[in-house]
Each structure stands twice: as C-alpha cells, then as structure tokens.
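Student: Could you take me through one part of this model closely, and then show me how it sits within the rest of the chain? I would like the reasoning spelled out where there is any.

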Amino acid sequence: MELFYAVIFGTMAFVAAGLEFFKPSESQAVNARKDFVAFRLNYVIVYSLMMAGDWLQGPYVYALYQHYGFDRTAIGQLFIAGFGSSLLFGTLVGSLADVSGRKKAALTYVATYTFGCCTKHFNNFYILLVGRLFCGVATSLLYSAFESWLVAEHFKRGFEASWLGTTFSKAVFMGNGLMAIVAGLFAQLLVSNFSLGPVAPFDAAAAVMIAGGLMVLFTWSENYGDSSNKTSLQEQAVKAGKAIIADPKIAMLGAMQSLFEGSMYTFVFLWTPALSPRGETIPHGMIFACFMVSSMAGSALAGSLLSSTSKVRVERYMQAVFGLSAIALFVPVFFHTTTKDTESKAMLGISTSGQIQLVAFCAFEFMVGVFWPSMMKMRSQHVPEEIRSTIINFFRIPLNIFVCLVLYNVGSFPLAVMFGMCSVFLLVCVLCQQRLEYLVHAQSLKSR
C-alpha cells in the first residue's frame, strides 16, 4: 500500500513541476522592471514565512491537547473558541488594518500568533483558551492584512494590474504548498527524531513568524485603506456593508469565498474518517503531503492562467474549478451512505474505496490550489481599496459561523450527508461565478 501513496505523491509532484516549468514566460515589461521582481520576491518570502508559522502548528494542535490529557469535548471547545474569536473579532481587526495601516496589522499578526504559541507551554484549559482566542484574531489578519498590503503597495508603486496574478500564484505555490510540506516534515522531525515533545513545533512557528515580522518591520512601507486615516471603525464597517449591498459583484465574491472555504474546512475535519471508516491504518503525514503537492500543482496552473500573457478570463475558468470541486467532494457520498460498518474490526491499510476517495480528495486539493490565487485576483479587481481588509473579513463571518456549527455537530450526521452538503455549496459557487461573469461582461459593455 505504501507504493500507492508514493505513486500519488510522485504523480502530483511531476504535474506540479511540469506546470511550473512550462508555464508561459513573463512579458518583457515584467522582466525589465527589476524593482517589481524584487518587490514580488520580498512579498513571497514574507508570506511564505507567515504561512510556515501557521503550517508548523497545524499537525500538532490536537495532539498537544491530547498530550495534556484533555478529552474530545474539551478539545472541541478549544477549537470552537478559535473560530469563534475570528468570527467575533475578525471584522473589527480587519477594519483596524484599513484604518491604522496594513503594515501594523501584519506585525500585529506576528505578535498575536506568537503569544498564542507561548500559551501552548501551559497545561491549563483557560490559558490555552486565551491562546486560541489570540490565534483566532491572528487568522483573520493572516487572510486579509497581507493581501490588502500587497494590492495597495502594488498600485502605489505604479505596477501593472495584470502582474498581480503571478504574485498571488507564486505566494500560494510557496506558502500554501511547498512550505506546508516542509513545515510538516520539520515538525515531525522535532517531535519524533529529536524527541522535543509536541510543543516544539509551536516554538519553531514563533521563531519563523518573528523572522518574517523583522522583514516586514525593516522592508515594508505603510499603506492604508483610507488615506485620511480619520475614519472610525463604525464608519468603516458601515461603508463596507453598503459596498457589499450596492455592488452585486462584491456580494458574489463573498458568497463564493464563504461557501468554498466552508466546504474546504469541512473536508479538513472529515477526510480522516472518510479514508478510515473501519479504523484502517493510514499514514496521515504522507496523505497530507499528497494533498499539499496537489495544491502546489493547482497553484502552478493558476500561475499560467493568471499570467499577463494569458487570454483566459478568471471569471470563466473558475466556473469549471467550482464544478470539478463539487464532483470531487461528492465521491465519498457513494461510500458512506450508512454508518453500520463503523463497528467492524480495524484493517491494515487503506481500502479500495479509500484509495478512490484519496484520488478524489487530491483532485479537490488541486482545485484549492487554483482557487486561492484566482480569488485573490478577483478581489483585487472588484473590492474597493479603502475597505479591502474590512470586506475580506466580512466575508469570513458566515464562514466562521458555518465552521463552528460543523465542529459542534460533526458527529451528528453521516459522512455522506456532510460531503453532499459541501457539493451543493460548491454548485452554488458555480452559479455565483456565472452571475459574476455576466456582471463583469455587462460592465465592460457599458464602459465602451
């Protein structure tokens, strides 16, 4: 069975390398702007370090809580606290980023997440709970402040709008793909080979994020959503709400972001029981690596589709991305229509149905790799600059509500129902994307 995982990983690594190597060459205008190349490299390095800090923690959050002796209920409460914090404070934090400065927000991310890592040294539920609250705030900053700073700085320096896509794709390729694999392997090395315990990855994460914070401190300039810097948080929130209501393109982007990411987080919770419903022995680390290299391949494809020389419209190909994602997450429905087999004896190795689902899950992760830079590109085109962080975090409100509900009820519904629900959400994304394409086309006709 180990050969099966190696074939999956090797195939996706080959696809990722091929897509990255054979993607269209950048235009002469891009290559001539050495300042842009340096700017892009700086952002990709910073983003990769910040994502590495996040990825280092991921595999061992649950394991650390188990190591401290907490039961599943207490661990679930700690996880819900993180998403609930992002829900309650995320919009407020996003507004602060627009008003007080995106560079300050990036440094705040480093401070809050580092504090959250420090709390992992204490075997105390309430200290860990406070840490989860800070990590929830940090997550909101990670997915809004850095993107907002990049877009504002990109245009402030006079770079072409068409160049943004390649920056997003390179950042996702490195930060959400390569760094995820390296961070997972390094965390495993710290815990297993060096026997430093499950808290060691969190110390490594803090060190990596501080290194990225120093780069931000000394190499980034400040930019704001509102150049007057006098807008109150309430006014900023009201302005963002009005913008979402007034512009259906923004509303469509918000709906697609919430529905897709909600399906993605649900998948994160469910892939383990889906692949081992009878207690089959599966190599979680190797499977995670297969997922991440698949995401890398997707981001490499997005780099070609979003390049300045590409003729393919992002609004068009994203319809196929959402449709294929829906098909991929519907595959488990065929294998988990009942829960009667869960009492069967554990099996050695993944089953044939598990292998089929793993291939489908890798296909979904490939679409995730395409989704991230493409969504960033669409947001850069349609979300107003002065309230970008605020709106991005507005989009995360329904996402966090949904994730909290899933966490609370994850054991109450069969896997088939949960995956079927995700497929329906992704089909709704297809309809939203079609509507967005129509609105963009209609707007272009009016401007002629």
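Tutor: Happy to! Let's begin with Phe 122, which is partly exposed because its relative accessibility of 45% lies between the 20% and 50% cut-offs. Please keep in mind throughout that this is a predicted model.

Phe 122 sits in the loop that joins helix H6 (102–119) to helix H7 (125–142). Setting aside residues up to four places away in sequence, Phe 122 touches Tyr 68, Ile 127 and Leu 128. There is also a link across the sequence to look at: Val 199 is 77 residues away from Phe 122 along the chain, yet their C-alpha atoms are separated by 9.7 Å.

Another loop residue makes a useful companion. Ser 195 is placed between helix H9 (164–193) and helix H10 (200–219). With a relative accessibility of 58%, Ser 195 is exposed, because that value is over the 50% cut-off. Its backbone deserves a look too: Ser 195 is not a glycine, but its phi is positive, at about 55°. For context, most residues other than glycine have a negative phi.

Stepping back from that loop into helix H9 brings us to Ser 169. Here the relative accessible area is 2%, which is under 20%, so Ser 169 counts as buried. Not counting residues up to four places away in sequence, Ser 169 touches Ser 299, Ala 302, Gly 303 and Pro 373.

From there we can go to helix H13, which covers residues 284–305 and holds Met 292. Met 292 is buried as well, because its 5% relative accessibility falls under the 20% cut-off. Beyond its neighbours within four places in sequence, Met 292 has contacts with Trp 55, Asn 176, Gly 177, Ala 180, Ile 181 and Glu 365. For a sense of scale, take Ser 444: it is 152 residues from Met 292 along the chain, and 37 Å separates the two C-alpha atoms.

Now compare a pair with a longer gap in sequence. Ala 13 belongs to helix H1 (residues 2–21). Its relative accessible area of 27% is between 20% and 50%, so Ala 13 is partly exposed. Ala 13 and Cys 290 are 277 residues apart in sequence, while their C-alpha atoms are 8.6 Å apart in space.

How do these local views fit the whole chain? Of the contacts with a separation of 6 or more, 89% are between residues 24 or more positions apart. The secondary structure consists of 17 helices and zero strands. The radius of gyration is 21 Å, close to the 22 Å from the globule rule for 448 residues, so the chain is as compact as a globular protein of that length. Along the principal axes, the C-alpha atoms fill a box of roughly 65 × 45 × 40 Å.

As for burial overall, 55% of the 448 residues count as buried. The accessible surface of the chain is about 18,900 Å², and carbon and sulfur atoms account for 68% of that area. On the charge side, there are 30 positive and 24 negative charges, with mean positions 5 Å apart.

One last point concerns confidence. The mean pLDDT of the chain is 88, and 93% of the residues reach 70 or more. Residues 339–344, however, have a pLDDT below 50, and this stretch has four contacts in the model beyond near neighbours in sequence. Where pLDDT is low, the predicted coordinates should not be read in detail.

Conventions. Residues are numbered from 1 along each chain as its sequence is written. This is a predicted model: local features need pLDDT of at least 70, side-chain atom pairs count only at pLDDT 80 or more; totals for chains, interfaces and linings use all residues. Side-chain values use heavy atoms; hydrogens and water are left out. Helices (H or I, at least four residues) and strands (E, at least two) are DSSP runs, numbered from the N terminus. Buried means under 20% relative accessible area, exposed over 50%, partly exposed in between (1.4 Å probe, protein chains only). Contact means heavy atoms within 4.5 Å. The radius of gyration is taken over C-alpha atoms; the globule rule is 2.2 Å times the number of residues to the power 0.38. Accessible areas come from the Shrake-Rupley method with a 1.4 Å probe; for residues, only the protein chains shown count as cover. Lys and Arg count as positive and Asp and Glu as negative; His and the chain ends are not counted. The place of a charge is taken as NZ of Lys, CZ of Arg, CG of Asp or CD of Glu. pLDDT is the predictor's confidence in each residue, from 0 to 100.
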